Amino acid sequence: MTELFNIKKGDIVSITGAGGKTSLMFHLANTLKKNGTVLIATTTKIFKPEITENNSFIFIYPEEISTLSPQDNFIHIFCPEIINNKIMSAQFEDLNVLRKYFDYILIEADGSANKALKGWRDDEPNIYPKSTKTIAIIDITALHKDKNETTIHRFELFQKQYFNFNKTIEKNDYIGYINSNIFFNNSLGEKILFFNKIESLDSFGSFLDIVSKIENFENIYFGSIFSNNFFKFKNVTPIVLASGFSKRFFGDKLSYKLKNGKTILEMTLTNINKIDFKEKILVGKNNFHYDLSKKFGFKFIENKNPELGQSRSVVLGTSEATLQGFIFIPGDMPFLTRESLLKIIFEFQKYNKIIVPFINGEKSAPILFPKIYFKDLTSLKGDSGGREILKKEEFIKCNFKNSFEFFDIDTQNDLKILETLEEQI
């Protein structure tokens with residue numbers, strides 16, 4: 001984890017936000033103490049931790065600063081004053097002296113009363129000016145809960161700062177809260193957002209929908225302190241391939257209407273839009289494709305040479321994508337679910353490798369490529385698409401049991417299967 005946040009000797013890390021600041025601070029300290037001397041402090045208030053057989057704390061008091069001799073493999077905690085078993089705020093002058101003794105300093109610089117969201121006072125957060133990194137913690141476990149004093153620290157102040165008409169906490173509340181950028185007031189060093197308590201596919205989906213709306217911020221991490229899982233977030237562009245000739249179908253299969261009245265391509269785009277992607281691309285060849293791309297908010301790329309094969313669509317789509325991963329989705333996958341897309345994207349977050357769905361031991365689409373394959377993808381020729389890359393590169397298998405959602409339509413005979421599958425929607 002410390003490698004993930006790129007914490008090095010000499011770093012002073014301030015932690016702000018709500019939903020795991022103290023836990024993250026001690027988690028980092030337990031890792032860093034193996035590599036050097038570590039000091040924990042606060043510029044707000046934290047509970048004094050209990051000494052047990054499983055921890056290794058050394059408490060430092062102001063009168064001891066001048067005779068300090070820090071030890072490796074211990075967590076040193078600065079206690080300027082203790083009231084009601086809480087360690088009070090350290091003065092910047094004391095931190096100026098203490099920083100000369102320690103390889104790493106971790107500072108809790110914000111208070112939230114153990115709640116997931118908060119209203120901010122003008123003097124918050126209280127970030128030590130010599131901090132080299134500030135990590136802001138976001139806890140989305142309050143999503144869909146009632147807005148009140150139980151879920152939000154300084155509820156009335158929060159409402160003044162981020163008012164909207166929702167009676168419950170929704171994604172737009174989090175988006176406004178994060179985009180206000182108050183987490184980093186008065187910070188000068190590197191700024192990091194960390195979304196904590198992402199412990200399920202559902203919570204990952206909520207995180208993904210929120211993070212797509214964050215403005216001008218790329219240094220984003222997510223995971224779970226409790227589960228000891230930490231990942232650098234990599235944004236993904238869905239690229240829909242819709243410019244094939246459907247030769248075996250003997251007609252335009254993407255315009256075929258399902259029983260619900262939507263065309264195959266329309267249904268595919270509908271399902272993709274159940275995830276709030278930051279960037280979406282559709283590679284097509286006619287007005288039908290163009291009109292649907294505008295309706296669903298996709299950037300339309302015209303394939304003027306579809307006769308060159310599927311690789312031409314891959315090249316065009318990849319060339320226009322700007323994010324860290326590209327997931328190629330055939331336009332004739334009308335049953336692909338949000339959950340399956342999330343699973344593929346989450347596997348990509350964990351491994352940063354090519355992710356290939358497998359159903360009953362067989363490769364399927366959609367396939368997700370990291371950006372490092374940009375040159376390979378834009379050099380493809382013929383009708384093989386990215387399959388040529390899979391022959392020579394390592395990839396991660398993402399196994400699924402439900403094969404019907406990965407069903408694509410190639411021939412007229414597939415329509416009979418399609419009618420059966422539609423009954424399962």
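Start in the largest nonpolar core, a set of 69 residues. Select Tyr174, Phe195 and Phe207, the residues with the most contacts inside this core. Then add helix H9, residues 338–351, which gives the most to the core, with six residues. Keep in mind that this is a predicted model.

Next, centre on Phe207. Which residues does Phe207 touch, leaving out those up to four places away in sequence? Show Ile140, Phe195, Ile198, Ile220, Phe222 and Phe233. Phe195 thus appears twice on this tour: as a partner of Phe207 and among the residues with the most contacts in the core.

Now move to another core, which lies apart from the one around Phe207 and has 28 residues. Select Ile40, Cys79, Tyr104 and Phe230, which are among them. In soluble globular proteins, nonpolar side chains tend to be buried together.

Stay on Cys79. Its relative accessible area is 1%, so Cys79 counts as buried, the cut-off being under 20%. Jump to Cys398: this cysteine is buried too, with a relative accessible area of 1%. Do not look for disulfides; the count is zero.

Zoom out to the whole chain and colour by secondary structure. There are twelve helices and 22 strands. The C-alpha atoms fill a box of roughly 85 × 50 × 35 Å along the principal axes. Of the 425 residues, 55% count as buried. Among contacts between residues at least 6 apart in sequence, 72% join residues at least 24 apart.

Finish on the surface. The accessible area is about 19700 Å², with 47% belonging to carbon and sulfur atoms. Colour by charge: 55 side chains are positive and 52 negative. The centres of the two sets lie 3 Å apart.

Key. Residues are numbered from 1 along each chain as its sequence is written. This is a predicted model: local features need pLDDT of at least 70, side-chain atom pairs count only at pLDDT 80 or more; totals for chains, interfaces and linings use all residues. Side-chain values use heavy atoms; hydrogens and water are left out. Helices (H or I, at least four residues) and strands (E, at least two) are DSSP runs, numbered from the N terminus. Buried means under 20% relative accessible area, exposed over 50%, partly exposed in between (1.4 Å probe, protein chains only). Contact means heavy atoms within 4.5 Å. Accessible areas come from the Shrake-Rupley method with a 1.4 Å probe; for residues, only the protein chains shown count as cover. Lys and Arg count as positive and Asp and Glu as negative; His and the chain ends are not counted. The place of a charge is taken as NZ of Lys, CZ of Arg, CG of Asp or CD of Glu. A disulfide is a pair of cysteine sulfur atoms within 2.5 Å. A nonpolar core is a set of buried Ala, Val, Leu, Ile, Met, Phe, Trp, Tyr and Cys residues joined through side-chain atoms within 4.5 Å.
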